[in-house]
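Q: I am new to this structure and would like a close look at one part of it. Please take a single pairing of side chains as the starting point, and build the surroundings outward from there.

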Amino acid sequence: MPSTLIEVRRAYTRAEEAAIIEAVHASLVAAFRIPDEDRYIRLQAYEPHRMLNGLADGEPDGDTRVTIDCFSGRSIEDKRALYREIVERLETLGIPRGLVSILLRESPPENWGISGGRPASDVDLGFDINV
């Protein structure tokens, strides 16, 4: 049950934004084998001057940060697969792989409050979270 935020330094059309979101979600399904219906992804587009990244300030570009919060326990092989899937899928949308950075933050299920304020470790999520 990852929670994902995609941050970009330029404006995209609605269709392009939807394609970016779908590419990242498809990467999570492929690499982490999450259920397809397990979706919580946000895309935030910033004015270029509001997202400094070491590139030319004030100029829109393809800089893309993908931050994924998820349950801990996945193997390094799964993480490598996720990073590869994301950059390859975004590259097909015209976002150069060199401009994509990915931050994966892991927490144990007891650190996720869901379903009326209960820890995820105490809730039947409908799928196995022992990754």
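A: The side chains of lysine 79 and glutamate 106 meet in a salt bridge, with N and O 3.0 Å apart; the term stands for a side-chain nitrogen of Lys or Arg within 4 Å of a carboxyl oxygen of Asp or Glu. This is a predicted model, in which local features need pLDDT of at least 70 and side-chain atom pairs count only at pLDDT 80 or more, while totals for chains, interfaces and linings use all residues. Residues are numbered from 1 along each chain as its sequence is written, and side-chain values use heavy atoms, with hydrogens and water left out.

The pair links distant parts of the chain, since lysine 79 belongs to helix α2 and glutamate 106 to strand β4 (residues 100-107), 27 residues apart. Helices here are DSSP runs of H or I with at least four residues, strands are runs of E with at least two, and both are numbered from the N terminus. At 15% relative accessibility lysine 79 counts as buried, whereas glutamate 106, at 33%, counts as partly exposed; buried means under 20% relative accessible area, exposed over 50%, and partly exposed in between, with a 1.4 Å probe and protein chains only.

Lysine 79 also takes part in the packing of the helices, being one of the α2 residues that touch α1. Helix α1 (residues 14-32) and helix α2 (residues 76-91) pack at an angle of about 155 degrees, with their axes 8 Å apart. The axes are lines fitted to C-alpha atoms, for helices over the stretch in contact, and the angles run from 0 to 180 degrees between N-to-C directions. The two helices, α1 and α2, are therefore roughly antiparallel to each other, a description used for angles over 145 degrees, with under 35 counted as roughly parallel, 65 to 115 as roughly perpendicular and the rest as oblique. Among the residues making the contact, which means heavy atoms within 4.5 Å, are Ile20, Val24 and Phe32 of α1 and Leu82, Ile86 and Arg89 of α2. The residues of this contact divide into 12 nonpolar, 1 polar and 4 charged; Ala, Val, Leu, Ile, Met, Phe, Trp, Tyr, Cys and Pro count as nonpolar, Asp, Glu, Lys and Arg as charged, and the others, Gly among them, as polar.

The structure holds 8 salt bridges, and some of the others can be set beside the starting pair. Aspartate 61 forms one with arginine 9, the closest N and O atoms being 3.1 Å apart. That pair also links distant parts of the chain, with aspartate 61 in the loop between β2 and β3 (64-71) and arginine 9 in the loop between β1 (3-8) and α1, 52 residues apart. Aspartate 61 counts as buried at 16% relative accessibility, and arginine 9 is buried with a relative accessible area of 0%. Glutamate 91 forms a salt bridge with arginine 97, with the closest N and O atoms 3.0 Å apart; glutamate 91 is partly exposed at 37%, and arginine 97 is partly exposed at 40%. Salt bridges that share partners also join Glu22, Asp36 and Arg39 into one network.

As for the wider setting, the protein has 2 helices and 6 strands, and from the N terminus on its elements run β-α-β-β-α-β-β-β. Buried residues make up 37% of its 131 residues.
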